[in-house]
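Here is a walk through one protein chain, from its strands to its rings and loops. Have the structure open as you read.

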Amino acid sequence: MKFSTGALALLALTQSVNGFTFVSAQRCNGTMSSSRTCLAAAATASFSTEQIGESATEEFRLAFKDESGATISPWHDIPLKNEDGAYNMVVEIPRYTKAKMEVATKEESNPIAQDIKKGKLRDYHGPIFWNYGCFPQTWENPNDEHPELKVFGDDDPIDVVEIGGKAIDMGSVAPVKILGVIAMIDDGELDWKVLAISTDDPLAAEYNDIDDVPESVKSGVREWFRWYKTPDDKPLNGFGFDEKFLNVAETEKVIEETHEAWKALREGTTDAGKLWTGTN
């Protein structure tokens, strides 16, 4: 099947073939991927995802593989941006789901796994209302203190909240348009949340900066992340910069800072600790 070239579009599609689960198919270089390959948003490579273990178990993993079948890291091997300027979001938690899935930064090849706290699989106490994930090739350095906020990074890739109108499958690499960022302070750590929208969402043409996003959406995201840990008797999360979302220009600076931190991590010029970088 052929498509005209142009903006990359995510086609939500889930298939299982011989034990392999492919959570999305994408338009890339004008050609639809086959049932056994999910083309990455960056037109330079293709990937597939392989489910290991049963869902909702400690053994569950969603591994990423390149076109040759070799295992790759969604954190280190998928590019941050595309040639058209869109950013690549690795979707960890689809809209309206509760399982706290995340790229396992300390495991070899960094598959997606369900977070475990106190020996139990972690779930949110209610569904998240947006697609949630991270940007590859970014890292919030826990050794760097923010000059204004006086807190250190949370040791993870930078988080992304996609506010479009449809759920995007876990493991998808969705090209998104950035709209803003808010500085969440979680347990004394800086945990940036980038607000973005899928490039194929109808509202992507209308939303170009943070002031274009309805206040109800911005406050909804902020308040969800303020309160979501309180059922576990955790304190409310706080936010820097007067609890405001920063604009696109400032967001680009934040993302670039985390990208540079990731480069240093991969080059070995900063301490990786227990993180798996593919070079340690």
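In which sense do E8 and E16 pair, and over how many bridges? The two strands run antiparallel, with 4 bridges between them. Keep in mind that this is a predicted model.

## The chain as a whole

The protein chain has 280 residues, and 51% of them count as buried. Its secondary structure comes to 2 helices and 18 strands. Take the contacts between residues at least 6 apart in sequence: 62% of these join residues at least 24 apart.

As for the outside, the accessible surface is about 13,000 Å². Carbon and sulfur atoms account for 49% of that surface.

## Strand E8 and its partners

Back to E8, which spans residues 87-93. Here 7 of the 7 residues are buried, so the strand is largely enclosed by the rest of the structure. On the E16 side, Val90 sits opposite Val173.

E8 also pairs with E13, again in the antiparallel sense, this time over 3 bridges. To find that pairing on screen, look for Val91, whose bridge partner in E13 is Gly133.

## Two nonpolar cores

The largest nonpolar core takes in 42 residues. The members that touch the most other members are Ile112, Ile128, Val161, Ile163, Leu195 and Phe225. Several elements each supply at least two residues of this core, including E6, E8, E9, E13 and both H1 and H2. E16 gives the most, with 4 residues.

Ile112 is a handy place to start looking around. Leaving out residues up to four places away in sequence, it touches a set that includes Phe60, Leu62, Phe64, Val90, Val91, Met101, Val103 and Met170. Charged residues appear in the contact list of Ile112 too, among them Arg61, Glu92 and Glu102. Apart from the largest core lies another one of 24 residues, among them Ala174, Ile178, Trp192 and Ile255.

## Helix H1

H1 covers residues 215-227, 13 residues in total. From first C-alpha to last, the helix reaches 18 Å, close to the 18 Å expected at 1.5 Å a residue.

Which residues of H1 are buried? They are Lys218, Val221, Arg222, Trp224, Phe225 and Arg226. An α-helix has 3.6 residues a turn, so residues three or four places apart point the same way. The buried residues of H1 pack against five strands: E13, E15, E16, E17 and E18.

## Aromatic rings around Trp224

The structure holds 12 aromatic pairs. In one of them, Tyr124 and Trp224 meet edge-to-face, with 5.0 Å centre to centre and 90° between the planes. This pair links distant parts of the chain, since Tyr124 is in the loop between E12 and E13 while Trp224 is in H1, 100 residues apart. Tyr124 and Trp224 are both buried.

Trp224 has another ring partner in Trp130: the centres are 6.4 Å apart and the planes are at 90°, so this pair is edge-to-face. Trp130 also belongs to the loop between E12 and E13, and lies 94 residues from Trp224. Trp130 is buried, as is Trp224. Ring pairs join these residues into a cluster made up of Tyr96, Tyr124, Phe129, Trp130, Tyr132, Trp224, Phe225 and Tyr228.

## Three loop residues

Two non-glycine residues with positive phi deserve a look. Lys118 has a phi of about 55° and is found in the loop between E11 and E12. With a relative accessibility of 87%, Lys118 counts as exposed. Asp155 has a phi near 75°, and its place is the loop between E14 and E15. Is Asp155 buried or partly exposed? Its relative accessible area is 23%, which makes Asp155 partly exposed; the cut-off for buried is under 20%.

Asp115 lies in the loop between E10 and E11. At 11% relative accessibility, Asp115 counts as buried. What is Asp115 in contact with, leaving aside its neighbours within four places in sequence? The contacts are Lys100, Glu102, Lys120, Leu121 and Arg122.

Notes
Residues are numbered from 1 along each chain as its sequence is written. This is a predicted model: local features need pLDDT of at least 70, side-chain atom pairs count only at pLDDT 80 or more; totals for chains, interfaces and linings use all residues. Side-chain values use heavy atoms; hydrogens and water are left out. The expected span of a helix is 1.5 Å times one less than its number of residues. Buried means under 20% relative accessible area, exposed over 50%, partly exposed in between (1.4 Å probe, protein chains only). Contact means heavy atoms within 4.5 Å. A nonpolar core is a set of buried Ala, Val, Leu, Ile, Met, Phe, Trp, Tyr and Cys residues joined through side-chain atoms within 4.5 Å. Accessible areas come from the Shrake-Rupley method with a 1.4 Å probe; for residues, only the protein chains shown count as cover. Rings of Phe, Tyr and Trp (its six-membered ring) pair if their centres lie within 6.5 Å; planes under 30 degrees apart count as stacked, over 60 as edge-to-face and the rest as tilted. Two strands pair if DSSP finds at least two bridges between them.
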